[in-house]
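This report concerns the sequence and three-dimensional model shown below. Please keep both in view while reading.

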Amino acid sequence: MALLKPQLSILAEVIERKDHGLRMLSLGYPDLLVDIDVVSELFGPEITSQLTFRDDSDEILGWHGFSDKISKVIDSDHFFSLIGVTCEYVDIVKSRGIERVVDLNDPLPEDLIEQFDFVLDPGTIEHCCNIGQALKNIAMALKQDGYVCHFTPLSMFNHGFYNINPTLFVDFYGQNDFKLEFMA
């Protein structure tokens, strides 16, 4: 699960639209696979000057096949705090040690319902067998006027259970009274 410039651009725009700090639910811990120049462009040099980097950058870059693209991985949790985003991470395992274990194949725990301004799917729902329940959980986690950003594969064979056709999102969210604002 990773974030690239398109997802960070959407997050930057959502932050700009909100007049308060953003509470975000991330489906898994998202590795920021961008150069610091991208962060500077989207969030400003004052944020860039405060970034911290992961000690396990080489390992993370290897997992994602990014070893030849960037030299180190920005610490996502610290970055989110710098830009005024309070993030809760859920995953089926504690891969980074800060995730809350939640199985998105099952109904969302009550204390996560209608709690978030932004739900980030950095490449998770394609790994959920019960993708319908996972989508329902995402919708239920959002506060009124909340946003969701999916970063799912269209054609990645041997990756997860599904390759997602974008019409899934248009139909699911459209039929549940959501408004499509960004498509990247």
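The sections below treat the nonpolar cores, one helix, the cysteines, a pocket and several individual residues of this predicted model.

## Nonpolar cores

The largest nonpolar core comprises 27 residues, and Phe79, Phe80 and Phe118 have the most contacts inside it. At least two residues of this core come from each of α1 (5-17), β2 (22-27), α2 (36-43), α5 (76-82), β4, β6 (116-121) and β7 (142-150). The greatest contribution is that of α1, which gives 5 residues.

Phenylalanine 118 illustrates how residues distant in sequence meet in this model. Apart from neighbours within four places in sequence, phenylalanine 118 is in contact with Ile10, Leu11, Val14, Leu22, Arg23, Met24, Leu25, Leu142, Tyr147 and Cys149. A second core, separate from the largest one, has 23 residues, among them Val90, Ile131, Ala141 and Phe172.

## Helix α6

How many of the 11 residues of helix α6 are buried? The helix spans residues 131-141 and is mostly covered, with 8 residues buried. These are Ile131, Gln133, Ala134, Leu135, Asn137, Ile138, Ala139 and Ala141.

The buried residues of α6 pack against three strands and a helix, namely β2, β6, β7 and α7 (167-175). Two of the buried residues of α6, Ile131 and Ala141, also belong to the second core.

## Cysteines

With a disulfide taken as a pair of cysteine sulfur atoms within 2.5 Å, the model has 0 disulfides. For cysteine 87, the nearest cysteine sulfur is that of cysteine 149, at 13 Å, and cysteine 87 is in no disulfide. Cysteine 87 counts as buried because its relative accessibility is 16%, and the limit for a buried residue is under 20%.

Cysteine 129 is likewise in no disulfide; its nearest cysteine sulfur belongs to cysteine 128 and is 8.2 Å away. Both distances, 13 Å for cysteine 87 and 8.2 Å for cysteine 129, fall outside the 2.5 Å limit.

## The second largest pocket

The second largest pocket holds about 350 Å³ of space. Its lining is made up of 20 residues, and those nearest the centre of the pocket are Met1, Gly28, Asp91, Ile92 and Thr124.

Two elements, α4 (57-64) and β4 (85-91), each supply at least two residues of this lining. Classified by residue type, the lining contains 10 nonpolar, 6 polar and 4 charged residues. Strand β4 thus appears in two settings: it supplies residues to the pocket lining and to the largest nonpolar core.

## Residues with positive phi

Most residues other than glycine have a negative phi. Which value does phi take in glutamate 114? It is positive, at about 55 degrees, although glutamate 114 is not a glycine. Glutamate 114 belongs to the loop between β5 (100-101) and β6. This residue is exposed, because its relative accessible area is 56% and the limit for exposure is over 50%.

Aspartate 177 also has a positive phi, near 65 degrees, and is a residue other than glycine. It is placed in the segment after α7. Its relative accessibility is 76%, and it therefore counts as exposed.

## Selected positions and distances

Glutamine 144 is part of strand β7. Is this residue buried or exposed? Glutamine 144 counts as exposed because its relative accessibility is 72%. Its C-alpha atom lies 7.5 Å from that of glutamate 114, although the two residues are 30 residues apart in sequence.

Glycine 21 is found in the loop between α1 and β2 and counts as partly exposed at 48% relative accessibility. Not counting residues up to four places away in sequence, glycine 21 touches Gly84 and Asp117. Glycine 21 and methionine 140 are 119 residues apart along the chain, and their C-alpha atoms are separated by 20 Å. Glutamate 13, in helix α1, is partly exposed with a relative accessible area of 34%. A separation of 21 Å lies between the C-alpha atoms of glutamate 13 and proline 166, which are 153 residues apart along the chain.

Key. Residues are numbered from 1 along each chain as its sequence is written. This is a predicted model: local features need pLDDT of at least 70, side-chain atom pairs count only at pLDDT 80 or more; totals for chains, interfaces and linings use all residues. Side-chain values use heavy atoms; hydrogens and water are left out. On a 1 Å grid over the protein atoms alone, a cavity is a set of points where a 1.4 Å probe fits but cannot get out, and a pocket is an open set with protein on both sides within 12 Å along at least five of seven lines; lining residues have an atom within 4 Å of a point. Grid points are joined across faces, edges and corners, and a volume is the space filled by probe spheres set on the points. Helices (H or I, at least four residues) and strands (E, at least two) are DSSP runs, numbered from the N terminus. Ala, Val, Leu, Ile, Met, Phe, Trp, Tyr, Cys and Pro count as nonpolar, Asp, Glu, Lys and Arg as charged, and the others, Gly among them, as polar. Buried means under 20% relative accessible area, exposed over 50%, partly exposed in between (1.4 Å probe, protein chains only). A nonpolar core is a set of buried Ala, Val, Leu, Ile, Met, Phe, Trp, Tyr and Cys residues joined through side-chain atoms within 4.5 Å. Contact means heavy atoms within 4.5 Å.
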